[in-house]
Amino acid sequence: MVEKTPLERYMPPRTPSLVGLNRAALGDALRAVGVPERMVKMRVRQLWHWLYVRGTRDFDEMTSVSKDLRTLLARHCTLVRPEVVAEQISQDGTRKWLLRLPGEHVGERPHEVECVYIPETDRGTLCVSSQVGCTLTCSFCHTGTQRLVRNLTPGEIVGQVMVARDRLGDWPHARAAGQGPGTDGGRLVTNVVMMGMGEPLYNFEAVRDALLVVADGDGLGISKRRITLSTSGVVPEISRCGAEIGVMLAVSLHAVRDDLRDVLVPLNRKYPIRALLEACRNYPGLSNARRITFEYVMLKDVNDSPEDAKALVRLLRGIPAKINLIPFNPWPGTRYECSDWDQIEKFSEIVFNAGYASPVRTPRGRDILAACGQLKSASEKLGARERLALRAMAATD
Ligand code: SAH
Ligand code: SF4
């Protein structure tokens with residue numbers, strides 16, 4: 001099976017949230033509540049500021065907006081973000097939020113996604129989800145085993161950034177009040193990676209609209225250079241990603257031969273390695289300063305030989321690239337194991353000697369199941385036994 005069928009079970013809430021809307025959509029929302037056309041542009045500017053610079057959660061705080069309009073807005077709209085149903089903080093400072101999303105039928109299990117914050121000394125990276133589950137079925141990925149799939153709305157994607165800022169006290173006024181040291185001008189969330197649950201290029205329009213809001217310099221202001229979208233290789237959407245979103249690209253390569261990649265990333269049967277690399281070569285805006293990151297998960301005795309490393313280097317010749325080696329994060333029931341450390345080092349050395357910086361991504365937040373490929377909604381919760389097995393695995397690797 002290459003793909004599962006998405007279940008579009010989203011039902012918009014009766015009172016829509018303004019969170020995540022771009023300027024055009026905010027304008028429409030204002031017109032819908034009766035704001036006259038000549039006022040729309042100015043009101044959009046005000047709302048934009050309160051929403052994305054201030055992170056306001058209450059219409060009453062919008063002091064530059066007339067009282068009448070605030071009342072009107074409060075009657076017809078909300079400023080609601082995805083609801084945080086659980087927060088876990090790892091021993092290494094990584095935080096994972098379980099978010100519950102609206103729109104489920106009565107009696108249906110709630111839709112949930114996870115969002116992970118990874119603090120480092122020089123940056124703070126937020127790992128954002130694009131779908132509930134994933135239609136793809138990569139054999140080493142926990143998310144790929146989840147049945148339920150639906151696309152997130154732009155509001156739910158931008159909402160993850162807003163939730164992180166809320167929970168971390170990462171809005172300018174909160175930072176001014178001294179709630180926590182920042183990294184970039186005091187900021188805590190400095191980078192965004194679309195590497196949570198889901199295949200972002202299978203939810204292209206919503207991801208595009210959301211990332212353009214996140215990158216807007218007059219609002220959330222996370223520059224496109226600090227936003228990375230990771231794809232398993234949806235070839236027809238790659239050039240659109242460069243042209244219409246313009247963020248940094250990461251590609252989940254994981255294998256250098258089609259027969260193996262067909263197994264690890266079944267989408268390869270539709271878009272094989274040659275076609276994928278051709279799309280990468282043509283990625284708009286590619287240069288030595290704007291390289292594509294190739295992700296390569298280290299699977300013991302599967303794709304981790306020195307020959308694989310040499311073939312990888314040959315394959316990427318001519319593409320401005322970075323190579324990111326990811327130690328496999330185990331999950332209960334998986335048939336894979338993480339490569340031994342000295343095997344990873346050997347691999348990394350070959351890649352390094354070929355002229356690539358080859359950072360090995362340190363697994364973060366393993367104790368709270370927040371590491372790459374471990375995300376899976378609690379709506380498909382692990383049983384206690386599985387959790388114990390997992391904790392044991394995490395403790396021993
Ligand atoms: N769907 C997109 C983005 C989300 S996954 C994609 O596949 O690129 C983010 C990264 O984590 C991808 O490179 C993915 O291949 C990797 N990953 C998935 N499961 C993993 C696991 N169990 N251990 C380590 N990395 C994993
Ligand atoms: Fe989906 Fe990415 Fe996991 Fe593959 S690795 S199943 S594309 S989330």
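Three short exercises on this predicted model follow, each with a worked solution.

**Exercise 1. The shell of ligand 2**

Find which residues surround ligand 2, and sort them by class.

Solution.
- Start with the cysteines: C134, C138 and C141 are among the residues around ligand 2.
- Add L136, G144, G198 and S232, which also surround ligand 2.
- Now sort the shell: it has 4 nonpolar and 3 polar residues.
- No charged residue appears in the shell around ligand 2.

**Exercise 2. Two packed helices**

Work out how helix α6 and helix α7 are arranged, and which residues meet.

Solution.
- Locate the helices: α6 covers residues 204-215, and α7 covers residues 235-245.
- Take the geometry: their axes lie 11 Å apart, at an angle of about 25°.
- Apply the cut-off: angles under 35 degrees count as roughly parallel.
- Therefore α6 and α7 are roughly parallel to each other.
- Give the handedness: α6 passes α7 in a right-handed crossing.
- List the contacts: from α6 come F204, E205, R208, L211 and L212. They meet E237, R240, C241, E244 and I245 in α7.
- Sort this contact by class: 5 residues are nonpolar, 5 are charged and no residue is polar.

**Exercise 3. An aromatic pair**

State how many aromatic pairs the model has, then classify the pair W48 and Y52.

Solution.
- Count: there are 3 aromatic pairs.
- Take W48 and Y52: their ring centres are 4.7 Å apart, and their planes stand at 70°.
- Planes over 60 degrees apart count as edge-to-face. So W48 and Y52 form an edge-to-face pair.
- Place the pair: both residues lie in helix α2 (residues 37-53). Because W48 and Y52 are 4 residues apart there, about one helical turn separates them.

Note on methods: Residues are numbered from 1 along each chain as its sequence is written. Chains are lettered from A and ligands numbered from 1 in the order in which they are written. This is a predicted model: local features need pLDDT of at least 70, side-chain atom pairs count only at pLDDT 80 or more; totals for chains, interfaces and linings use all residues. Side-chain values use heavy atoms; hydrogens and water are left out. A residue is near a molecule or strand if one of its heavy atoms lies within 4 Å of it. Ala, Val, Leu, Ile, Met, Phe, Trp, Tyr, Cys and Pro count as nonpolar, Asp, Glu, Lys and Arg as charged, and the others, Gly among them, as polar. Axes are lines fitted to C-alpha atoms, for helices over the stretch in contact, and angles run from 0 to 180 degrees between N-to-C directions. Angles under 35 degrees count as roughly parallel, over 145 as roughly antiparallel, 65 to 115 as roughly perpendicular and the rest as oblique. A crossing is left-handed if the near helix is turned anticlockwise from the far one by less than a right angle, and right-handed if clockwise. Contact means heavy atoms within 4.5 Å. Rings of Phe, Tyr and Trp (its six-membered ring) pair if their centres lie within 6.5 Å; planes under 30 degrees apart count as stacked, over 60 as edge-to-face and the rest as tilted.
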